[in-house]
Amino acid sequence: MTEAPAWQRHPVLLGVLAVTLALGLLFLAHFGWMVTTRLGAEPRVEDWMTPRHVVHAFGVPEAVIAPLLGTPPGPLPFASLRDLAAAQGKTPEALVAEVQAQVDMADGLSVEGGP
Amino acid sequence: MIEHLIHEAYALIPRHGAAVLFTAALLSCAGIPIPTSAMMMAAGAFIAAGDMHFLPVFALTLLGAMIGDQIGYFMGRTGGQPLWDKFHARPKLAPTMDRARAELDRRAVIAVIISRFPLSALGPWINIAAGATQIAWNRFSLGVLLGDAIWIMTYLGAGAFFASHVKDVGATMTSLMGALAAFAAVWLIARFLWGRYRRSPA
């Protein structure tokens, strides 16, 4: 009597192999999608960002962002725009839109003022 | 889905500070799938912006990762030991298992370092395997200390460098690392099955 092939003797392992392969292909597809569509795109302000991160990453002056936050004068707080919006009774989308408008304006000014 | 998960994980960092990185590193190293690498990139961006300080972030993340690694190692050591003993009792398997253990032990440090970065998704499984095969604790701990330190510094540095695109880069890296780890696991399983197939009588 001949012994069954390895994959017939290890059906669970074969199942794990198939699921892991499918998972790997899904991750690879998502990686390809991110590289082709997102990595080159212009970054946008999001509600997880902090005011200092916006200043650093988008090159906007602190003085432009600070008045939008509803916080006392002083150093910019280490808090997300989402939490700062909640403290002001605004929706995160509203505050993000205001900050994005300032970023766009600063961006426009730097382009106009460029060589 | 990956991006949504990363988005929500990023929002936790300003709310809870470095403590959230400690918790994420501990849980992910103990085997719970959390996008800790991407979260470290966000922390790197926050450090670059002046919101966080490098040293507490690095130290707390390293501590969390080391504790999580030890949980996995001792889970393997206690849970895997009866399984090991059961198979080791078979005279035909014992010499092969002893050779495999000696080989693993000899390469333990480098295997553990590689499983932190670039194959960080395989890390928890390597921890359990290291415990189950009784790799010496001091060699395992040296490997995770070096590997975790490289892993954390690489991602904090990448976050500082890619600050303006940190979420997109984080999601891209998470997918790439996930794909690499999955294909590495596929290769290991396929190699095992192929080996058994070649040894089986025609």
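Biologist: With which residue does the side chain of Lys90(A) meet in a salt bridge?
Modeller: The model is a predicted one. The pair has an N to O distance of 3.0 Å, and the cut-off is within 4 Å, so the pair qualifies. The partner of Lys90(A) in this salt bridge is Glu98(A).

Biologist: Do Lys90(A) and Glu98(A) count as buried or as partly exposed?
Modeller: Buried requires a relative accessible area under 20%, and exposed requires over 50%. Lys90(A) has 25% relative accessibility, while Glu98(A) has 29%. Because these values fall in between, Lys90(A) and Glu98(A) each count as partly exposed.

Biologist: Which residues do salt bridges with shared partners join into one network?
Modeller: This network includes two residues of chain A and one of chain B. Its members are Asp47(A), Arg82(A) and Glu8(B).

Biologist: What is the N to O distance in the salt bridge of Arg82(A) and Glu8(B)?
Modeller: Side chains of opposite charge can pair when their charged atoms come close. Here the side chains of Arg82(A) and Glu8(B) meet, with N and O separated by 3.0 Å.

Biologist: Which helices does this pair connect?
Modeller: Arg82(A) belongs to chain A and Glu8(B) to chain B, so the salt bridge joins two chains. The residue from chain A lies in a helix of residues 81–88, and the residue from chain B in a helix of residues 2–16. The two helices are, respectively, α5 of chain A and α1 of chain B.

Biologist: Which residue of this pair is buried?
Modeller: Glu8(B) has 31% relative accessibility and counts as partly exposed. Arg82(A) has 17%, and the limit for buried is under 20%. The buried residue is therefore Arg82(A).

Biologist: How many salt bridges are there over all chains?
Modeller: One of them is formed by Arg52(A) and Asp51(B), whose closest N and O atoms are 2.6 Å apart. Over all chains, the count of salt bridges is six.

Biologist: Where in chain B does Asp51(B), the partner of Arg52(A), lie?
Modeller: The pair crosses between chains, starting from Arg52(A) in helix α3 (residues 51–58) of chain A. Asp51(B) counts as buried because its relative accessibility is 9%. In chain B, Asp51(B) lies in the loop between α3 (36–49) and α4 (54–88).

Biologist: Which residues lie closest to the centre of the second largest pocket?
Modeller: This pocket has a volume of about 150 Å³. It is lined by 15 residues. Those closest to its centre are Arg38(A), Pro43(A), Arg44(A), Glu46(A) and Asp168(B).

Biologist: Which helix gives the most to the lining of the second largest pocket?
Modeller: The lining divides into six nonpolar, three polar and six charged residues. The element that gives the most supplies three residues. That element is helix α9 (residues 166–199) of chain B.

Biologist: What share of the residues in chain A is buried?
Modeller: Chain A has six helices and zero strands. The chain exposes about 6,700 Å², of which carbon and sulfur atoms supply 68%. Among its 115 residues, the buried share is 31%.

Biologist: What is the value of phi near Gln134(B)?
Modeller: Most residues other than glycine have a negative phi. Gln134(B), in the loop between α7 (123–132) and α8 (137–161) of chain B, has a positive value. Gln134(B) counts as partly exposed because its relative accessibility is 25%. Its phi is near 60°.

Note on methods:
Residues numbered from 1 in each chain as written. Chains lettered and ligands numbered in written order. Predicted model: local features only at pLDDT ≥ 70, side-chain atom pairs only at ≥ 80, totals over all residues. Heavy atoms only, no water. Helix = DSSP H or I, 4+ residues; strand = E, 2+ residues; numbered from the N terminus. Buried < 20%, exposed > 50% of the residue type's maximum accessible area, 1.4 Å probe, protein only. 1 Å grid on protein atoms, 1.4 Å probe; cavity = no way out; pocket = protein on both sides within 12 Å on 5 of 7 lines; lining within 4 Å. Points joined across faces, edges and corners; volume = space filled by probe spheres on them. Nonpolar A, V, L, I, M, F, W, Y, C, P; charged D, E, K, R; others polar. Areas by Shrake-Rupley, 256 points an atom, 1.4 Å probe, with all protein chains shown as cover.
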